[in-house]
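The following report describes a single model, to be read alongside its sequence and coordinates. Terms are explained where they are introduced.

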Amino acid sequence: MAEEIPTRTGDAFNSDDETQILDAIAKWLDRDVKDKVLALDHADEYPHEMVEQMKSLGLFGATISRAYGGLGLPSSTYAKIVAAVAEVWMSLTGIFNSHLIMAAAVERFGTTEQKTRLLPKFATGEIRGGLALTEPNCGTDLQAIRTRATRDGDSYVINGTKTWISNGIEGNCVALLVKTDTEIQPRHRGMSLFIAEKGPGFTVGRKLKKLGYKGIDSAELMFEDYRIAADNLIGEEEGHGFHHTVGGLELGRINVAARGVGVANAALKAATSYAQIRETMGKPIGQHQAIQTKLGDMATRCQAARLLVEDAARAYDRSERCDMEAGMAKLFASEAAMENASECMRIHGAYGYSKELHVERYYRDAPLMCIGEGTNEMQRIIIARQLMQRNPV
Ligand SMILES: Cc1cc2nc3c(=O)[nH]c(=O)nc-3n(C[C@H](O)[C@H](O)[C@H](O)COP(=O)(O)OP(=O)(O)OC[C@H]3O[C@@H](n4cnc5c(N)ncnc54)[C@H](O)[C@@H]3O)c2cc1C
């Protein structure tokens with residue numbers, strides 16, 4: 001009998017369903033994605049065709065409940081999908097990850113009207129986007145944001161600038177973190193989260209140029225007297241935006257950790273193959289102990305990262321507080337991706353530096369995971385605080 005997999009949404013799900021979904025994703029990656037990645041990545045070209053395929057696979061509704069047209073996947077299954085996709089091209093995961101965190105904020109904290117109106121369109125990808133939190137002056141210190149929403153009758157008028165927003169150009173909607181009260185203390189009580197669809201007063205800047213994470217758009221968003229109906233305020237009550245945002249970051253960190261697992265695995269696989277093909281001093285380099293110790297460390301990091309992600313995802317699915325577990329998974333898996341990408345490049349020698357192989361891309365993509373969804377410096381602090389809170393003296 002298939003094993004029951006718990007879900008946060010309460011949708012029934014079992015291990016046979018998981019196998020089927022992972023098989024479908026693997027086939028898609030093999031058939032429609034893997035041979036196109038080098039060209040798209042080097043041209044920094046948005047993968048429109050793949051986005052349509054991701055819609056058909058249901059990825060834009062992966063963690064949205066079935067009641068709203070999603071797949072209702074538990075985050076443990078979703079994390080495996082993210083790792084599999086990131087192993088082939090990490091950028092693709094960014095197109096549906098932050099979109100699903102926006103959807104999770106609506107499903108967890110939105111009103112019934114907001115869920116019914118928005119979630120079915122999020123699930124099909126008809127409305128899609130991401131999270132607009134970061135501003136030119138602040139990323140880690142979100143309580144310092146300056147984007148301001150002022151109530152005016154049945155609507156709010158929003159002014160301010162967001163930056164580094166994934167899906168900002170190709171998407172049509174964002175979960176927008178603003179200040180609704182700039183005086184109140186503590187500062188987070190003056191923050192609110194809106195679902196903001198594009199319209200007059202909401203303009204988008206150019207696609208930002210980046211080291212890696214190519215293809216997907218990162219953009220500046222400008223709000224100038226952007227007017228939005230008050231019923232787009234998530235939960236309809238001001239002052240809870242920080243809580244709604246931080247609540248979504250647990251899932252966000254599990255997602256980023258899963259991306260780390262994908263990139264770390266890709267680097268390990270490439271290095272393991274190459275070590276058996278390339279010869280020096282009359283034998284494959286994999287027969288030299290200096291290379292074997294690298295492969296041993298890389299494989300151990302992959303396994304440990306995967307287990308940490310699974311542990312955090314299961315806690316999330318059981319609706320437990322898991323900021324410590326998600327932080328550990330994110331910290332370890334992203335650093336594992338960095339270290340494995342670097343070691344993979346060394347094992348490949350000059351070829352690791354070549355644009356004709358995927359290896360140099362792992363090296364360019366990995367650092368993002370140490371920055372996004374809370375920097376790794378902050379993860380260490382979150383873990384330490386939770387550690388003391390859970391172990392008072
Ligand atoms: C490719 C890309 C995509 C992104 N996508 C999005 C997106 O979709 N939506 C979005 O809102 N944002 C996005 N971001 C922004 C990202 O979330 C921020 O860059 C991140 O939160 C860090 O903020 P910052 O860059 O302002 O760094 P800062 O907050 O200025 O931090 C600078 C350094 O100081 C350290 N630091 C800061 N405070 C402390 C402290 N209290 N203790 C110890 N160390 C500290 C940090 O760890 C870091 O090393 C994206 C960024 C990139 C590069």
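Asp181 lies in the loop between strand S4 (173-179) and strand S5 (191-197). Helices (H or I, at least four residues) and strands (E, at least two) are DSSP runs, numbered from the N terminus. Asp181 counts as partly exposed because it has 15 C-beta neighbours inside 10 Å. In this scheme a residue is buried if 20 or more other C-beta atoms lie within 10 Å of its own, exposed if 12 or fewer, and partly exposed in between, with C-beta atoms placed from the backbone. Asp181 and Glu238 are 57 residues apart along the chain, and their C-alpha atoms are separated by 8.7 Å.

The model is predicted: local features need pLDDT of at least 70, side-chain atom pairs count only at pLDDT 80 or more, and totals for chains, interfaces and linings use all residues. Residues are numbered from 1 along each chain as its sequence is written.

**Backbone particulars**

The loop between S4 and S5 also holds Pro186. A cis peptide bond joins Gln185 to Pro186, with omega about -10 degrees.

Two residues other than glycine have a positive phi, and they are set out below with Gly125, a glycine with a positive phi.

| Residue | Phi | Place |
|---|---|---|
| Gly125 | about 90 degrees | just after H5 |
| Met281 | about 50 degrees | loop between strand S8 (279-280) and strand S9 (283-284) |
| Glu373 | near 55 degrees | loop between H10 and H11 |

Are Met281 and Glu373 buried or exposed? Met281 counts as exposed because it has 7 C-beta neighbours inside 10 Å. Glu373 is buried, because 27 other C-beta atoms lie within 10 Å.

**Domains 1 and 3**

The chain is divided into domain 1 (15-124), domain 2 (129-239) and domain 3 (243-390); these bounds come from an automatic or database domain assignment. The centres of domain 1 and domain 3, taken over C-alpha atoms, are separated by 21 Å. In all, 21 residues of domain 1 are in contact with 24 residues of domain 3, where contact requires that the C-beta atoms of two residues, placed from the backbone, lie within 7 Å. On the side of domain 1 that touches domain 3, H2 and helix H4 (75-109) each supply at least two residues. H4 gives the most to this side, with 17 residues. By class, this side of domain 1 comprises 13 nonpolar, five polar and three charged residues. Ala, Val, Leu, Ile, Met, Phe, Trp, Tyr, Cys and Pro count as nonpolar, Asp, Glu, Lys and Arg as charged, and the others, Gly among them, as polar.

Asp44 is located in the loop between helix H2 (37-43) and helix H3 (48-57). With 15 C-beta neighbours inside 10 Å, Asp44 counts as partly exposed. Leaving aside neighbours within four places in sequence, Asp44 is in contact with Lys214 and Gly215. Asp44 and Asp217 are 173 residues apart in sequence, yet 9.0 Å apart in space, C-alpha to C-alpha.

**Helices H5 and H6**

Helix H5 (residues 112-124) has 13 residues and reaches 19 Å from its first C-alpha to its last, close to the 18 Å expected at 1.5 Å a residue. The expected span of a helix is 1.5 Å times one less than its number of residues. H5 bends by about 35 degrees at Leu118, and Pro120 follows within four residues. The bend at a residue is the angle between axes fitted to the seven residues ending there and the seven starting there. In H5 the buried residues are Gln114, Lys115, Leu118, Leu119, Phe122 and Ala123, and their cover includes H4 and S5.

How far apart are the end C-alpha atoms of helix H6 (residues 241-277)? They are 54 Å apart, which agrees with the 54 Å that its 37 residues should span at 1.5 Å a residue. H6 nevertheless has a kink of about 30 degrees, centred on Glu250. Of the 37 residues of H6, 28 are buried, and the helix is mostly covered.

**Surroundings of the ligand**

There are 21 residues around the ligand, and Leu133, Gly139, Thr140, Thr375 and Glu377 come nearest. A residue is near a molecule if its C-beta atom, placed from the backbone, lies within 6 Å of it. Strand S1 (129-132), strand S3 (155-166), helix H10 (368-371) and helix H11 (376-390) each give two or more residues to this shell. The shell has ten nonpolar, nine polar and two charged residues. Domain 2 and domain 3 each contribute at least three of its residues.
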